[in-house]
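Notebook open, coffee on the bench. I wanted to look up how the helices pack and where empty space is left.

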Amino acid sequence: MNESRPVVLVTGASGGIGADLARIFARNGYDLALVARSKELLEALADEIAGLGRPRPLVLPCDLAAAGAIDVIAEQLAAADAVPVILVNNAGYGLLGEVAALDPVAQMGIIDVNIHALLGLSLRFLPELRARRGKILNVASVVGFFPGPGMAVYYASKAFVVSFGQALAHELRGDDVVVTTLCPGVTLTGFQARAGFPTDVGIMRFGAATSASVAASGYAGLMAGRRLVIPGLGNKLLCYIAPLIPSAILLPLVASMQKRRSTKLDRSNSFASF
Ligand SMILES: NC(=O)c1ccc[n+]([C@@H]2O[C@H](COP(=O)([O-])OP(=O)(O)OC[C@H]3O[C@@H](n4cnc5c(N)ncnc54)[C@H](OP(=O)(O)O)[C@@H]3O)[C@@H](O)[C@H]2O)c1
């Protein structure tokens with residue numbers, strides 16, 4: 001067991017927050033295993049990290065929504081004699097639109113990636129993480145703190161991540177396993193295009209974070225052993241205040257913001273953006 005190569009397993013490492021998390025871990029001396037569907041992007045990131053003089057990360061192309069994905073990752077790690085000491089569950093996506101209008105299979109895919117894979121990897125590698133006093137970084141969102149008509153499945157999936165991560169952190173505190181839940185607000189990545197946001201919406205302007213700054217907050221919070229990391233004062237306030245707003249006010253408010261977004265009328269940076 002002790003001879004295996006310890007790695008940070010990062011899902012969704014082909015771009016956005018996940019790629020920047022991988023860069024930070026690499027700069028801080030960690031070896032990596034990178035997961036996403038886009039093999040070429042993972043190979044390019046592995047080359048970039050190797051170019052810094054670090055060991056070249058393992059590249060594990062995998063569709064986390066596919067049946068057996070967790071087994072595939074575990075087998076590839078075992079074949080490379082690698083073992084996760086830090087698990088970064090970052091892969092995820094959402095879709096803009098109402099439940100009745102969106103493709104059912106695509107909506108189930110959100111659950112497969114954002115919940116099923118996150119939970120599957122956590123359960124699969126928990127023995128190794130406990131044995132090595134490892135760490136888990138789960139990427140949730142500020143939208144995990146309130147319901148989101150107009151993007152309902154995505155918001156609900158992140159509510160699972162917020163709840164599960166905090167509970168797991170409590171359960172594992174005696175094992176010295178840190179579980180950090182990172183809750184970014186709107187961040188400029190490939191997320192918006194995949195979700196189906198119009199390219200000209202106002203979220204691209206005032207107040208949006210960069211993936212590099214969000215990743216830095218997540219890394220610092222994980223290393224400090226924090227249970228919850230919400231980058232930015234506005235996002236912190238949102239997470240604490242939104243759950244206090246009566247549903248009769250909050251639901252129509254979020255729904256109308258998403259509606260404006262889907263009809264390309266929204267030119268503001270709203271809290272329903274992510
Ligand atoms: N951007 C925001 O405003 C924002 C705000 C709050 C939270 N978040 C969360 O941050 C996390 C990272 O997202 P991001 O903003 O960096 O978006 P992104 O640039 O679109 O990155 C998403 C990553 O997830 C991977 N992924 C998606 N579906 C996958 C699948 N079926 N199998 C394997 N990998 C898959 C993507 O890789 P491939 O496409 O190559 O598979 C990509 O590497 C997500 O969990 C997201 O919900 C984002």
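**Entry 1: α3 against α4.** I started with a helix pair, and found that α3 and α4 cross in a right-handed way. A note to self before going on: this is a predicted model. Helix α3 covers residues 69-79, and its axis comes within 10 Å of the α4 axis, with a crossing of roughly 40°. That angle makes α3 oblique to α4. Next I looked up who touches whom. On the α3 side I noted I70, D71, I73, A74 and L77, and these meet A117, G120, L121, R124 and F125 of α4. Sorted by class, this contact holds 7 nonpolar, 1 polar and 2 charged residues.

**Entry 2: α4 against α5.** I stayed with α4, which runs over residues 104-131, and turned to its packing with α5, residues 152-171. Their axes are 9 Å apart and the angle is about 15°. Angles under 35 degrees count as roughly parallel, so α4 and α5 go down in my notes as roughly parallel to each other. The handedness of this crossing is right-handed. From α4 the contact takes Q107, I110, I111, N114, I115, L118, L119 and S122, while α5 brings V153, Y154, S157, K158, F160, V161 and F164. I get 10 nonpolar, 4 polar and 1 charged residues for the classes here.

**Entry 3: α1 against α7.** Another pair to check. Helix α7 spans residues 211-223, and it packs with α1 at about 55°, the axes being 8 Å apart. This makes α1 oblique to α7. The crossing of α1 past α7 is right-handed. I wrote down G16, I17, D20, L21, I24 and F25 for α1, and S211, A212, V214, A215, A216, Y219, L222 and M223 for α7. The class split of this contact is 11 nonpolar, 2 polar and 1 charged.

**Entry 4: the cavity.** Then I went looking for enclosed space. How many cavities of 30 Å³ or more are there? I find 1. The space in it is about 40 Å³. I listed its lining as T11, L64, N89, N90, A91, V113, N114, A117, L118 and L121. Which helix gives the largest share of that lining? Helix α4 does, with 5 residues. The lining has 6 nonpolar and 4 polar residues, and no charged ones. Cross-checking with my earlier entries, N114 and L118 line the cavity and are also on the α4 side of the contact with α5. Likewise, A117 and L121 are lining residues that turn up in the α3 contact.

**Entry 5: the pocket.** Last, the open space. The largest pocket holds about 720 Å³. Its lining runs to 35 residues, and I marked N90, A91, G92, Y93 and F191 as lying nearest the centre. N90 and A91 were already on my list for the cavity lining. Which elements each supply at least two residues of the pocket lining? I noted α1 (16-27), β2 (32-36), α5 and α6 (191-195). For the classes I have 17 nonpolar, 14 polar and 4 charged residues. So much for the charged column: the pocket lining has 4 such residues, the cavity lining has none.

Definitions and conventions. Residues are numbered from 1 along each chain as its sequence is written. This is a predicted model: local features need pLDDT of at least 70, side-chain atom pairs count only at pLDDT 80 or more; totals for chains, interfaces and linings use all residues. Side-chain values use heavy atoms; hydrogens and water are left out. On a 1 Å grid over the protein atoms alone, a cavity is a set of points where a 1.4 Å probe fits but cannot get out, and a pocket is an open set with protein on both sides within 12 Å along at least five of seven lines; lining residues have an atom within 4 Å of a point. Grid points are joined across faces, edges and corners, and a volume is the space filled by probe spheres set on the points. Helices (H or I, at least four residues) and strands (E, at least two) are DSSP runs, numbered from the N terminus. Ala, Val, Leu, Ile, Met, Phe, Trp, Tyr, Cys and Pro count as nonpolar, Asp, Glu, Lys and Arg as charged, and the others, Gly among them, as polar. Axes are lines fitted to C-alpha atoms, for helices over the stretch in contact, and angles run from 0 to 180 degrees between N-to-C directions. Angles under 35 degrees count as roughly parallel, over 145 as roughly antiparallel, 65 to 115 as roughly perpendicular and the rest as oblique. A crossing is left-handed if the near helix is turned anticlockwise from the far one by less than a right angle, and right-handed if clockwise. Contact means heavy atoms within 4.5 Å.
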